[in-house]
Amino acid sequence: MENLLPSELVQLAHRVIEENRAAGRRISVAESCTGGLVAAALTEVAGSSDVFDRGFATYSNEAKQEMLGVSVDLLETFGAVSIAVAWEMAKGALENSGCDVAVAITGVAGPGGGSEKKPVGTVVFAKAEKGKNIEDVVADRKNFGHDKTRADIRYQAVLVALELLLPDGSE
């Protein structure tokens with residue numbers, strides 16, 4: 001076995017590592033519904049340690065609070081699967097790592113746990129960059145479809161997160 005993960009993920013992770021290395025950027029990730037899969041994809045690349053610093057697998061709300069500084073108020077007001085919480089996760093990962101860029105992922109991978117407002121397949125992403133204005137929030141909510149499997153939703157979420165880690169202008 002050459003790689004543990006699917007080749008599409010590994011190829012994109014390789015591009016993320018190479019382009020961030022060329023840009024002199026260090027990266028971190030904060031993951032909820034993907035449970036560390038983005039970090040796993042990045043570490044499939046030999047030599048990734050000079051670019052990828054750390055990953056925060058914050059599956060529970062308590063972990064989001066303790067490891068990333070997400071406020072209880074935000075979690076209670078908007079829920080874990082929200083732009084506000086994803087943004088706080090990304091900011092927390094940036095602040096707790098000293099990296100140049102951090103991406104956060106939170107969502108409902110299913111098969112249960114969805115609601116009318118946040119159906120299964122809803123995933124929210126945010127990116128925080130050192131030196132960028134706090135008003136320049138890069139965040140997006142995607143719905144990968146309630147008819148997809150848990151694996152499909154998580155796979156698509158990892159692809160989006162990796163794309164967000166590419167330096168601006170290389171998407």
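This passage describes helix α1, the pairing of strands β1 and β2, and the surroundings of A13 and S97 in a predicted model.

Helix α1 comprises 17 residues, from 7 to 23. At 1.5 Å a residue, a helix of this length should span 24 Å, and the end C-alpha atoms of α1 are 24 Å apart, which agrees with the expected value. The residue after α1 is G24, and its phi is positive, near 70 degrees.

The buried residues of α1 are L9, V10, L12, A13, V16, I17 and N20. Viewed down the helix axis, these buried residues fall within an arc of 165 degrees, so they line one face of α1. An α-helix has 3.6 residues a turn, so residues three or four places apart point the same way. Q11 and A22, on the other side of α1, are exposed. The buried residues of α1 are covered by several elements, including the strands β1 (27-31), β2 (52-57) and β3 (101-107). The helices α2 (37-42) and α6 (150-164) also contribute to this cover.

A13 is one of the buried residues of α1, and its relative accessible area is 0%. Because burial is defined as a relative accessible area under 20%, the value of 0% places A13 in the buried class. Leaving aside residues up to four places away in sequence, A13 touches A41, L42, V45 and L162. A13 and V108 are separated by 95 residues in sequence, and their C-alpha atoms lie 23 Å apart in space.

Strands β1 and β2, both part of the cover over the buried residues of α1, run parallel and are joined by five bridges. Within this pairing, A30 stands opposite F56 in β2. Between the two strands the chain passes through α2, and the resulting β-α-β crossover is right-handed.

S97 is located in the loop that connects α5 (83-95) to β3. S97 has a relative accessible area of 12% and is therefore buried, given the cut-off of under 20%. The side chain of S97 reaches the backbone nitrogen of C99 at a distance of 3.1 Å. With residues up to four places away in sequence not counted, S97 touches S28, D53 and R54.

Key
Residues numbered from 1 in each chain as written. Predicted model: local features only at pLDDT ≥ 70, side-chain atom pairs only at ≥ 80, totals over all residues. Heavy atoms only, no water. Helix = DSSP H or I, 4+ residues; strand = E, 2+ residues; numbered from the N terminus. Expected span 1.5 Å × (residues − 1). Buried < 20%, exposed > 50% of the residue type's maximum accessible area, 1.4 Å probe, protein only. Arc of directions from axis to C-beta. Contact = heavy atoms within 4.5 Å. Polar contact = N/O pair within 3.5 Å; in protein donor to acceptor, adjacent residues only side chain to side chain. Pairing = 2+ DSSP bridges. Right-handed = clockwise from strand over helix to strand, strands pointing away.
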